[in-house]
Amino acid sequence: LIDGQLKRWNGDTANIFSTISSTESYEQTLLGTIPQLGEKEAMEALDAASRAYDRGKGEWPTMKVADRIACLEKFTEQMKTKRAEVVKLLMWEIGKSLADSEKEFDRTIDYIYDTIEDYKKMDRDSAKFHKEGGIHAHIRRGPLGVVLCLGPYNYPLNEAFCLLIPAMIMGNTTIFKPAKFGVLLMSPILEAFQNSFPKGVINIIYGRGRVLATPILKSGRVDVLALIGNSSTAKVLQILHPKSNRLRLVLGLEAKNPAIVLPDADLDLAIEECLAGSLSFNGQRCTALKVLYVHESIEDEFNKRFSERVDQLKFGNPWEEGVKLTPLPEPHKPAYIQELIDDAQEKGASIINSKGGETSENYIFPAVMYPVSKEMRLFHEEQFGPVVPIVPFKDIEQPLNDIADSNYGQQVSLFGKDIETLSQLIDSLVNLVCRVNLNSSCQRGPDVYPFTGRKDSAVSTLSVHDALRSFSIRTFVASKDN
Ligand code: G3H
(Lines give C-alpha, C1' and ligand atoms only; values in the text may rest on other atoms or scores of the structure.)
Protein backbone atom coordinates (compact mmCIF):
# COMPACT_ATOMS: atom_id res chain seq x y z
CA LEU A 1 0.00 0.00 0.00
CA ILE A 2 1.88 3.06 -1.25
CA ASP A 3 0.40 6.54 -1.57
CA GLY A 4 -3.12 5.19 -1.15
CA GLN A 5 -2.72 2.61 -3.92
CA LEU A 6 -2.66 -1.15 -3.56
CA LYS A 7 0.11 -1.72 -6.06
CA ARG A 8 0.38 -4.63 -8.45
CA TRP A 9 3.81 -6.20 -8.36
CA ASN A 10 5.69 -8.04 -11.09
CA GLY A 11 9.13 -8.15 -9.51
CA ASP A 12 10.79 -10.47 -7.00
CA THR A 13 8.53 -12.30 -4.61
CA ALA A 14 8.95 -14.43 -1.52
CA ASN A 15 6.89 -17.47 -0.69
CA ILE A 16 5.37 -17.57 2.76
CA PHE A 17 5.06 -21.05 4.19
CA SER A 18 2.95 -22.23 7.05
CA THR A 19 4.64 -22.78 10.39
CA ILE A 20 2.36 -25.71 10.96
CA SER A 21 2.85 -29.23 9.68
CA SER A 22 -0.38 -30.79 8.55
CA THR A 23 0.99 -34.32 8.70
CA GLU A 24 3.22 -36.09 11.17
CA SER A 25 6.23 -35.73 8.95
CA TYR A 26 7.25 -32.10 8.54
CA GLU A 27 5.80 -30.60 5.43
CA GLN A 28 5.75 -26.98 4.40
CA THR A 29 2.45 -25.70 3.06
CA LEU A 30 2.53 -22.66 0.83
CA LEU A 31 0.28 -20.01 2.36
CA GLY A 32 0.92 -17.16 -0.01
CA THR A 33 3.43 -14.99 -1.80
CA ILE A 34 4.50 -11.47 -0.99
CA PRO A 35 6.39 -8.83 -2.98
CA GLN A 36 10.07 -8.42 -2.16
CA LEU A 37 10.29 -4.70 -2.67
CA GLY A 38 13.55 -2.90 -3.17
CA GLU A 39 15.05 0.55 -2.70
CA LYS A 40 12.93 2.13 -5.43
CA GLU A 41 9.63 1.17 -3.79
CA ALA A 42 10.97 2.00 -0.33
CA MET A 43 11.68 5.51 -1.59
CA GLU A 44 8.24 5.74 -3.19
CA ALA A 45 6.73 4.96 0.20
CA LEU A 46 8.96 7.57 1.83
CA ASP A 47 8.02 10.16 -0.79
CA ALA A 48 4.33 9.42 -0.22
CA ALA A 49 4.65 9.75 3.56
CA SER A 50 6.70 12.97 3.19
CA ARG A 51 4.18 14.50 0.79
CA ALA A 52 1.29 13.62 3.10
CA TYR A 53 3.11 15.22 6.03
CA ASP A 54 4.31 18.17 3.95
CA ARG A 55 6.55 19.65 6.67
CA GLY A 56 3.60 19.69 9.11
CA LYS A 57 1.34 21.51 6.67
CA GLY A 58 -0.30 18.46 5.07
CA GLU A 59 -3.96 17.50 5.31
CA TRP A 60 -3.33 14.84 7.97
CA PRO A 61 -1.13 16.73 10.48
CA THR A 62 -3.44 19.75 10.28
CA MET A 63 -6.69 17.79 10.39
CA LYS A 64 -9.11 18.50 13.23
CA VAL A 65 -8.97 16.07 16.14
CA ALA A 66 -12.52 14.85 15.55
CA ASP A 67 -11.78 14.12 11.90
CA ARG A 68 -8.65 12.12 12.62
CA ILE A 69 -10.63 10.14 15.18
CA ALA A 70 -13.35 9.52 12.60
CA CYS A 71 -10.74 8.00 10.23
CA LEU A 72 -9.48 5.72 13.00
CA GLU A 73 -13.01 4.67 13.92
CA LYS A 74 -13.89 3.92 10.32
CA PHE A 75 -10.75 1.81 9.99
CA THR A 76 -11.47 -0.07 13.22
CA GLU A 77 -15.03 -0.91 12.21
CA GLN A 78 -13.76 -2.36 8.94
CA MET A 79 -10.90 -4.23 10.63
CA LYS A 80 -13.34 -5.86 13.06
CA THR A 81 -15.07 -7.58 10.15
CA LYS A 82 -11.76 -9.33 9.30
CA ARG A 83 -11.32 -10.96 12.71
CA ALA A 84 -11.78 -14.56 11.57
CA GLU A 85 -9.31 -14.22 8.67
CA VAL A 86 -6.65 -12.50 10.73
CA VAL A 87 -6.98 -14.99 13.60
CA LYS A 88 -6.61 -17.89 11.17
CA LEU A 89 -3.49 -16.36 9.66
CA LEU A 90 -1.99 -15.77 13.11
CA MET A 91 -2.38 -19.49 13.78
CA TRP A 92 -1.00 -20.60 10.42
CA GLU A 93 1.82 -18.14 10.01
CA ILE A 94 3.28 -17.93 13.51
CA GLY A 95 1.72 -20.93 15.23
CA LYS A 96 -0.11 -18.92 17.92
CA SER A 97 -2.86 -20.83 19.71
CA LEU A 98 -6.48 -20.05 18.84
CA ALA A 99 -7.15 -18.47 22.24
CA ASP A 100 -4.00 -16.34 22.08
CA SER A 101 -4.66 -15.34 18.46
CA GLU A 102 -8.17 -14.20 19.34
CA LYS A 103 -6.79 -12.38 22.35
CA GLU A 104 -4.21 -10.63 20.19
CA PHE A 105 -6.86 -9.43 17.78
CA ASP A 106 -9.30 -8.27 20.49
CA ARG A 107 -6.57 -6.64 22.51
CA THR A 108 -5.50 -4.68 19.44
CA ILE A 109 -9.04 -3.39 18.90
CA ASP A 110 -9.21 -2.37 22.58
CA TYR A 111 -5.86 -0.65 22.20
CA ILE A 112 -7.20 1.46 19.33
CA TYR A 113 -10.31 2.51 21.27
CA ASP A 114 -8.29 3.24 24.42
CA THR A 115 -5.90 5.34 22.33
CA ILE A 116 -8.79 7.32 20.89
CA GLU A 117 -10.16 7.99 24.40
CA ASP A 118 -6.77 9.09 25.70
CA TYR A 119 -6.28 11.29 22.69
CA LYS A 120 -9.62 13.01 23.32
CA LYS A 121 -8.56 13.63 26.91
CA MET A 122 -5.22 15.01 25.75
CA ASP A 123 -7.08 17.34 23.43
CA ARG A 124 -9.42 18.54 26.22
CA ASP A 125 -6.41 19.12 28.49
CA SER A 126 -4.73 21.23 25.84
CA ALA A 127 -7.49 23.80 26.28
CA LYS A 128 -6.55 24.36 29.94
CA PHE A 129 -4.63 27.52 30.74
CA HIS A 130 -1.64 27.70 33.05
CA LYS A 131 -0.25 30.83 34.64
CA GLU A 132 3.31 31.10 35.89
CA GLY A 133 5.65 34.10 36.21
CA GLY A 134 3.30 36.44 34.39
CA ILE A 135 2.91 34.12 31.41
CA HIS A 136 -0.40 32.56 30.45
CA ALA A 137 0.08 29.40 28.45
CA HIS A 138 -1.62 26.35 27.17
CA ILE A 139 0.14 23.27 25.96
CA ARG A 140 -0.59 21.60 22.67
CA ARG A 141 0.86 18.40 21.33
CA GLY A 142 1.93 18.16 17.72
CA PRO A 143 3.30 15.40 15.48
CA LEU A 144 6.97 14.75 14.79
CA GLY A 145 6.87 13.97 11.08
CA VAL A 146 7.46 10.76 9.15
CA VAL A 147 7.63 7.56 11.20
CA LEU A 148 9.26 4.32 10.06
CA CYS A 149 7.64 1.38 11.90
CA LEU A 150 9.13 -2.10 12.04
CA GLY A 151 7.15 -4.77 13.87
CA PRO A 152 8.04 -8.14 15.44
CA TYR A 153 6.85 -11.62 14.46
CA ASN A 154 5.64 -12.71 17.89
CA TYR A 155 2.88 -10.08 18.03
CA PRO A 156 2.66 -9.13 14.36
CA LEU A 157 -0.65 -7.36 14.85
CA ASN A 158 -0.71 -6.02 18.38
CA GLU A 159 2.86 -4.78 18.68
CA ALA A 160 2.80 -3.24 15.22
CA PHE A 161 -0.42 -1.40 16.01
CA CYS A 162 0.96 -0.23 19.36
CA LEU A 163 3.40 1.78 17.24
CA LEU A 164 1.25 2.68 14.26
CA ILE A 165 -1.95 3.80 15.95
CA PRO A 166 -0.47 6.38 18.34
CA ALA A 167 1.90 7.57 15.60
CA MET A 168 -0.98 8.14 13.20
CA ILE A 169 -3.47 9.63 15.62
CA MET A 170 -0.92 12.24 16.66
CA GLY A 171 -0.75 13.43 13.05
CA ASN A 172 2.43 11.72 11.89
CA THR A 173 2.56 9.89 8.58
CA THR A 174 3.93 6.38 8.49
CA ILE A 175 5.79 3.68 6.59
CA PHE A 176 5.25 0.25 8.04
CA LYS A 177 7.21 -2.91 7.28
CA PRO A 178 5.61 -5.94 8.89
CA ALA A 179 7.71 -8.79 10.28
CA LYS A 180 8.79 -11.59 7.95
CA PHE A 181 6.61 -14.10 9.81
CA GLY A 182 3.12 -12.75 10.24
CA VAL A 183 3.18 -10.66 7.07
CA LEU A 184 0.17 -12.18 5.30
CA LEU A 185 -2.21 -11.25 8.07
CA MET A 186 -1.92 -7.64 6.97
CA SER A 187 -3.54 -8.54 3.64
CA PRO A 188 -7.13 -8.76 4.93
CA ILE A 189 -6.86 -5.27 6.44
CA LEU A 190 -5.00 -3.43 3.70
CA GLU A 191 -8.23 -2.21 2.15
CA ALA A 192 -9.46 -0.95 5.51
CA PHE A 193 -6.32 1.19 5.70
CA GLN A 194 -6.78 2.32 2.12
CA ASN A 195 -10.44 3.25 2.63
CA SER A 196 -10.02 5.08 5.91
CA PHE A 197 -7.01 7.37 5.65
CA PRO A 198 -5.90 10.06 3.21
CA LYS A 199 -3.28 8.78 0.79
CA GLY A 200 0.27 8.58 2.06
CA VAL A 201 -0.68 8.62 5.76
CA ILE A 202 0.03 4.90 6.02
CA ASN A 203 2.27 3.08 3.56
CA ILE A 204 2.81 -0.65 4.00
CA ILE A 205 5.78 -2.26 2.31
CA TYR A 206 6.89 -5.89 2.19
CA GLY A 207 10.39 -7.27 1.87
CA ARG A 208 13.65 -7.55 3.77
CA GLY A 209 13.94 -5.17 6.71
CA ARG A 210 17.44 -3.92 6.05
CA VAL A 211 16.91 -3.57 2.27
CA LEU A 212 13.89 -1.35 2.84
CA ALA A 213 14.89 0.48 6.01
CA THR A 214 18.42 1.35 4.91
CA PRO A 215 17.63 3.80 2.07
CA ILE A 216 14.73 5.28 4.02
CA LEU A 217 16.93 6.05 7.02
CA LYS A 218 19.95 7.11 4.96
CA SER A 219 17.80 9.73 3.24
CA GLY A 220 17.61 11.63 6.54
CA ARG A 221 13.93 12.31 5.85
CA VAL A 222 12.56 10.12 8.65
CA ASP A 223 11.83 11.73 11.99
CA VAL A 224 11.04 8.66 14.11
CA LEU A 225 12.36 5.11 14.10
CA ALA A 226 9.76 2.96 15.84
CA LEU A 227 10.84 -0.62 16.22
CA ILE A 228 9.94 -3.60 18.34
CA GLY A 229 12.63 -6.22 17.95
CA ASN A 230 16.33 -6.77 18.57
CA SER A 231 18.58 -4.16 20.09
CA SER A 232 21.31 -5.09 17.57
CA THR A 233 18.95 -4.27 14.66
CA ALA A 234 17.98 -1.00 16.32
CA LYS A 235 21.66 -0.03 16.77
CA VAL A 236 22.50 -0.78 13.14
CA LEU A 237 19.50 1.14 11.83
CA GLN A 238 19.63 4.25 13.96
CA ILE A 239 23.16 5.19 12.93
CA LEU A 240 22.21 5.11 9.23
CA HIS A 241 20.38 8.39 9.67
CA PRO A 242 22.76 11.22 8.71
CA LYS A 243 21.40 13.40 11.53
CA SER A 244 20.80 10.68 14.10
CA ASN A 245 20.59 13.30 16.86
CA ARG A 246 17.34 14.43 15.20
CA LEU A 247 15.89 10.94 15.01
CA ARG A 248 13.36 10.16 17.76
CA LEU A 249 13.63 6.54 18.85
CA VAL A 250 10.65 4.53 20.04
CA LEU A 251 12.11 1.10 20.72
CA GLY A 252 10.75 -1.98 22.47
CA LEU A 253 13.68 -4.39 22.63
CA GLU A 254 14.97 -7.51 24.33
CA ALA A 255 14.69 -8.76 27.89
CA LYS A 256 15.86 -11.60 30.10
CA ASN A 257 13.22 -11.30 32.80
CA PRO A 258 13.99 -13.31 35.92
CA ALA A 259 11.69 -14.88 38.47
CA ILE A 260 12.97 -15.06 42.03
CA VAL A 261 11.36 -17.83 44.04
CA LEU A 262 11.94 -17.15 47.75
CA PRO A 263 12.00 -19.82 50.49
CA ASP A 264 8.48 -18.98 51.74
CA ALA A 265 6.86 -18.90 48.25
CA ASP A 266 3.53 -20.62 47.67
CA LEU A 267 5.02 -23.32 45.45
CA ASP A 268 1.78 -24.29 43.70
CA LEU A 269 1.30 -20.70 42.63
CA ALA A 270 4.97 -20.09 41.80
CA ILE A 271 5.18 -23.23 39.63
CA GLU A 272 2.05 -22.41 37.63
CA GLU A 273 3.07 -18.78 37.13
CA CYS A 274 6.63 -19.73 36.16
CA LEU A 275 5.24 -22.31 33.73
CA ALA A 276 2.96 -19.82 32.00
CA GLY A 277 5.55 -17.05 32.26
CA SER A 278 8.35 -19.04 30.67
CA LEU A 279 6.49 -21.12 28.10
CA SER A 280 3.36 -19.28 26.90
CA PHE A 281 3.69 -19.08 23.13
CA ASN A 282 6.77 -21.31 23.47
CA GLY A 283 8.65 -18.58 25.33
CA GLN A 284 8.58 -16.25 22.31
CA ARG A 285 7.60 -13.13 24.25
CA CYS A 286 9.88 -10.29 25.22
CA THR A 287 8.17 -10.41 28.62
CA ALA A 288 8.68 -14.18 29.07
CA LEU A 289 10.44 -15.40 32.19
CA LYS A 290 13.82 -16.34 30.76
CA VAL A 291 15.63 -17.34 33.95
CA LEU A 292 14.27 -18.78 37.21
CA TYR A 293 16.22 -18.11 40.41
CA VAL A 294 15.12 -20.68 42.97
CA HIS A 295 16.26 -20.61 46.60
CA GLU A 296 18.36 -23.67 47.42
CA SER A 297 16.13 -24.60 50.39
CA ILE A 298 13.23 -25.38 48.01
CA GLU A 299 15.01 -26.24 44.79
CA ASP A 300 14.56 -30.02 44.96
CA GLU A 301 10.82 -29.78 45.29
CA PHE A 302 10.51 -26.88 42.83
CA ASN A 303 12.65 -28.59 40.18
CA LYS A 304 10.80 -31.91 40.44
CA ARG A 305 7.31 -30.43 40.31
CA PHE A 306 8.12 -27.78 37.71
CA SER A 307 9.71 -30.37 35.40
CA GLU A 308 6.70 -32.65 35.75
CA ARG A 309 4.38 -29.81 34.80
CA VAL A 310 6.52 -28.95 31.76
CA ASP A 311 6.39 -32.58 30.60
CA GLN A 312 2.58 -32.50 30.82
CA LEU A 313 2.33 -29.62 28.32
CA LYS A 314 0.69 -30.74 25.12
CA PHE A 315 2.27 -30.03 21.74
CA GLY A 316 0.07 -29.73 18.67
CA ASN A 317 -1.57 -27.47 16.14
CA PRO A 318 -2.77 -24.10 17.45
CA TRP A 319 -6.50 -24.78 17.10
CA GLU A 320 -6.44 -28.08 19.00
CA GLU A 321 -8.04 -28.23 22.43
CA GLY A 322 -5.60 -28.03 25.33
CA VAL A 323 -2.50 -27.41 23.19
CA LYS A 324 0.10 -25.22 24.91
CA LEU A 325 3.18 -25.79 22.73
CA THR A 326 3.05 -25.12 19.03
CA PRO A 327 5.44 -25.15 16.04
CA LEU A 328 8.10 -22.45 15.91
CA PRO A 329 7.93 -20.04 12.96
CA GLU A 330 11.67 -19.30 12.79
CA PRO A 331 13.32 -22.21 10.95
CA HIS A 332 16.64 -21.75 12.78
CA LYS A 333 15.11 -21.72 16.28
CA PRO A 334 15.25 -25.45 17.18
CA ALA A 335 18.94 -25.56 16.21
CA TYR A 336 19.67 -22.38 18.19
CA ILE A 337 17.92 -23.71 21.30
CA GLN A 338 19.86 -26.95 20.90
CA GLU A 339 23.12 -24.96 20.82
CA LEU A 340 22.22 -23.28 24.11
CA ILE A 341 21.36 -26.67 25.63
CA ASP A 342 24.64 -28.24 24.40
CA ASP A 343 26.68 -25.34 25.73
CA ALA A 344 24.97 -25.52 29.14
CA GLN A 345 25.46 -29.30 29.28
CA GLU A 346 29.16 -29.00 28.43
CA LYS A 347 29.54 -26.54 31.29
CA GLY A 348 27.79 -28.65 33.90
CA ALA A 349 24.00 -28.23 33.62
CA SER A 350 21.57 -31.07 32.87
CA ILE A 351 18.14 -31.36 31.33
CA ILE A 352 15.97 -32.30 34.30
CA ASN A 353 12.64 -33.03 32.59
CA SER A 354 12.24 -36.31 30.75
CA LYS A 355 10.93 -34.90 27.45
CA GLY A 356 13.26 -31.89 27.35
CA GLY A 357 15.02 -31.34 24.04
CA GLU A 358 13.01 -33.82 21.94
CA THR A 359 13.12 -32.20 18.57
CA SER A 360 11.86 -32.21 14.99
CA GLU A 361 12.22 -29.68 12.16
CA ASN A 362 9.88 -27.07 13.54
CA TYR A 363 9.71 -27.65 17.25
CA ILE A 364 11.80 -28.54 20.22
CA PHE A 365 10.20 -29.74 23.43
CA PRO A 366 11.02 -27.34 26.29
CA ALA A 367 14.14 -28.31 28.19
CA VAL A 368 14.41 -27.38 31.87
CA MET A 369 18.12 -26.86 32.56
CA TYR A 370 19.70 -27.01 36.03
CA PRO A 371 21.98 -25.73 37.55
CA VAL A 372 22.61 -22.87 35.15
CA SER A 373 25.50 -20.52 35.88
CA LYS A 374 27.21 -17.44 34.50
CA GLU A 375 29.66 -19.29 32.24
CA MET A 376 26.81 -20.56 30.12
CA ARG A 377 25.31 -18.80 27.10
CA LEU A 378 21.85 -19.65 28.39
CA PHE A 379 22.49 -17.44 31.40
CA HIS A 380 23.04 -14.33 29.26
CA GLU A 381 21.36 -14.78 25.88
CA GLU A 382 17.71 -14.02 25.33
CA GLN A 383 16.62 -17.50 24.26
CA PHE A 384 13.17 -16.39 23.03
CA GLY A 385 12.13 -20.02 22.81
CA PRO A 386 11.42 -23.21 24.73
CA VAL A 387 14.30 -23.68 27.18
CA VAL A 388 14.04 -22.74 30.86
CA PRO A 389 17.21 -22.16 32.89
CA ILE A 390 17.04 -22.63 36.67
CA VAL A 391 19.71 -20.88 38.74
CA PRO A 392 19.93 -21.90 42.41
CA PHE A 393 20.69 -19.17 44.95
CA LYS A 394 21.51 -18.98 48.64
CA ASP A 395 21.78 -15.27 49.25
CA ILE A 396 19.30 -12.81 47.68
CA GLU A 397 22.23 -10.52 46.82
CA GLN A 398 23.20 -13.01 44.09
CA PRO A 399 20.13 -12.51 41.85
CA LEU A 400 20.07 -8.81 42.68
CA ASN A 401 23.69 -8.44 41.55
CA ASP A 402 23.01 -10.45 38.41
CA ILE A 403 20.05 -8.23 37.53
CA ALA A 404 22.15 -5.12 38.15
CA ASP A 405 24.92 -6.52 35.90
CA SER A 406 22.55 -7.64 33.13
CA ASN A 407 22.35 -5.84 29.79
CA TYR A 408 18.59 -5.83 30.22
CA GLY A 409 16.17 -4.26 32.66
CA GLN A 410 12.55 -4.86 31.78
CA GLN A 411 10.69 -6.79 34.53
CA VAL A 412 11.08 -9.17 37.46
CA SER A 413 8.69 -11.62 39.13
CA LEU A 414 8.97 -12.17 42.88
CA PHE A 415 7.44 -15.16 44.61
CA GLY A 416 7.22 -15.07 48.40
CA LYS A 417 4.90 -14.25 51.31
CA ASP A 418 6.78 -12.15 53.85
CA ILE A 419 5.69 -8.57 53.29
CA GLU A 420 8.79 -7.04 54.86
CA THR A 421 11.13 -9.07 52.60
CA LEU A 422 9.07 -8.29 49.53
CA SER A 423 9.01 -4.57 50.22
CA GLN A 424 12.78 -4.46 50.73
CA LEU A 425 13.26 -6.27 47.45
CA ILE A 426 10.88 -3.92 45.66
CA ASP A 427 12.95 -1.00 46.96
CA SER A 428 16.05 -2.50 45.35
CA LEU A 429 14.38 -3.67 42.16
CA VAL A 430 12.70 -0.40 41.20
CA ASN A 431 16.21 0.90 40.50
CA LEU A 432 16.99 -2.02 38.22
CA VAL A 433 13.86 -2.83 36.20
CA CYS A 434 10.64 -1.13 35.13
CA ARG A 435 8.02 -3.51 36.50
CA VAL A 436 8.01 -5.78 39.56
CA ASN A 437 5.35 -8.50 39.52
CA LEU A 438 4.40 -9.90 42.90
CA ASN A 439 3.48 -13.59 42.94
CA SER A 440 2.70 -13.43 39.24
CA SER A 441 4.59 -13.86 36.00
CA CYS A 442 5.88 -10.97 33.92
CA GLN A 443 3.59 -9.53 31.28
CA ARG A 444 3.07 -6.41 29.29
CA GLY A 445 -0.61 -5.84 29.88
CA PRO A 446 -3.05 -4.37 30.54
CA ASP A 447 -1.89 -2.12 27.73
CA VAL A 448 -2.86 1.05 29.57
CA TYR A 449 0.03 0.42 32.01
CA PRO A 450 3.50 1.74 31.19
CA PHE A 451 5.57 -0.75 29.26
CA THR A 452 9.26 0.01 29.10
CA GLY A 453 12.69 -1.13 30.19
CA ARG A 454 16.17 0.00 31.12
CA LYS A 455 19.47 -0.51 29.27
CA ASP A 456 19.07 -2.67 26.13
CA SER A 457 15.40 -3.41 26.84
CA ALA A 458 13.72 -0.24 25.60
CA VAL A 459 13.93 3.38 24.58
CA SER A 460 10.75 5.26 25.44
CA THR A 461 7.54 3.89 26.92
CA LEU A 462 4.77 2.06 25.17
CA SER A 463 1.39 2.18 26.80
CA VAL A 464 -1.68 3.90 25.50
CA HIS A 465 -0.98 7.10 27.41
CA ASP A 466 2.81 7.17 27.03
CA ALA A 467 2.84 6.19 23.36
CA LEU A 468 0.81 9.28 22.44
CA ARG A 469 3.54 11.32 24.07
CA SER A 470 6.36 9.29 22.48
CA PHE A 471 5.04 10.13 19.02
CA SER A 472 4.51 13.84 19.64
CA ILE A 473 6.09 16.99 21.00
CA ARG A 474 4.74 19.70 23.27
CA THR A 475 4.33 23.24 22.07
CA PHE A 476 3.45 26.13 24.36
CA VAL A 477 1.10 28.83 23.28
CA ALA A 478 2.06 31.69 25.58
CA SER A 479 1.00 35.25 26.21
CA LYS A 480 2.21 37.92 28.63
CA ASP A 481 0.05 38.96 31.52
CA ASN A 482 -0.89 42.38 30.08
O1 G3H B 1 6.92 -9.65 23.23
C2 G3H B 1 6.58 -8.71 23.93
C3 G3H B 1 5.15 -8.46 24.20
O4 G3H B 1 4.89 -7.10 24.39
C5 G3H B 1 4.68 -9.27 25.35
O6 G3H B 1 3.37 -8.99 25.65
O7 G3H B 1 3.36 -9.87 27.99
O8 G3H B 1 1.26 -9.47 26.77
O9 G3H B 1 2.74 -11.36 26.12
P10 G3H B 1 2.64 -9.97 26.69
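**Close-up views of a predicted model**

**Figure 1. Phe-281 lies in the loop between α9 (267-279) and β11 (289-295).** The model is predicted. Phi of Phe-281 is near 45°. This is a positive value, and the residue is not a glycine.

**Figure 2. The ligand and the residues that surround it.** The shell consists of Arg-107, Asn-154, Tyr-155, Glu-159, Arg-285, Cys-286, Thr-287, Gln-443, Arg-444 and Phe-451. By class, four residues of this shell are charged, three are polar and three are nonpolar. The pocket in which the ligand sits is the second largest.

**Figure 3. Polar side-chain atoms of Arg-107, Glu-159 and Thr-287 beside oxygen atoms of the ligand.** For Glu-159, an N or O atom of the side chain is 2.3 Å from a ligand oxygen. In the case of Arg-107, the separation between a polar side-chain atom and an oxygen atom of the ligand is 2.8 Å. Thr-287 has a polar side-chain atom 2.6 Å from an oxygen atom of the ligand. On its own the ligand has 310 Å² of accessible area, of which the protein covers 94%.

**Figure 4. The cis peptide bond between Tyr-370 and Pro-371.** Omega of this bond is about -15°. Pro-371 belongs to the loop that runs between β17 (367-370) and α12 (377-380). Tyr-370 is the residue that the cis bond joins to this proline.

**Figure 5. The cis peptide bond from Gly-445 to Pro-446.** Here omega is near -15°. Pro-446 is placed in the loop between β21 (435-438) and β22 (454-455). Two residues that surround the ligand, Gln-443 and Arg-444, are also of interest in this view.

**Figure 6. The chain as a whole, as context for the close-ups.** Its secondary structure comprises 15 helices and 24 strands. The radius of gyration is 23 Å, close to the 23 Å that the globule rule gives for 482 residues, so the chain is as compact as a globular protein of that length. Along the principal axes, the C-alpha atoms fill a box of roughly 70 × 60 × 40 Å.

Note on methods:
Residues numbered from 1 in each chain as written. Predicted model: local features only at pLDDT ≥ 70, side-chain atom pairs only at ≥ 80, totals over all residues. Heavy atoms only, no water. Near = heavy atom within 4 Å. Polar contact = N/O pair within 3.5 Å; in protein donor to acceptor, adjacent residues only side chain to side chain. Areas by Shrake-Rupley, 256 points an atom, 1.4 Å probe, with all protein chains shown as cover. 1 Å grid on protein atoms, 1.4 Å probe; cavity = no way out; pocket = protein on both sides within 12 Å on 5 of 7 lines; lining within 4 Å. Sits in = over half its atoms within 2 Å of the grid points. Nonpolar A, V, L, I, M, F, W, Y, C, P; charged D, E, K, R; others polar. Helix = DSSP H or I, 4+ residues; strand = E, 2+ residues; numbered from the N terminus. Rg over C-alpha atoms; globule rule 2.2 N^0.38 Å.
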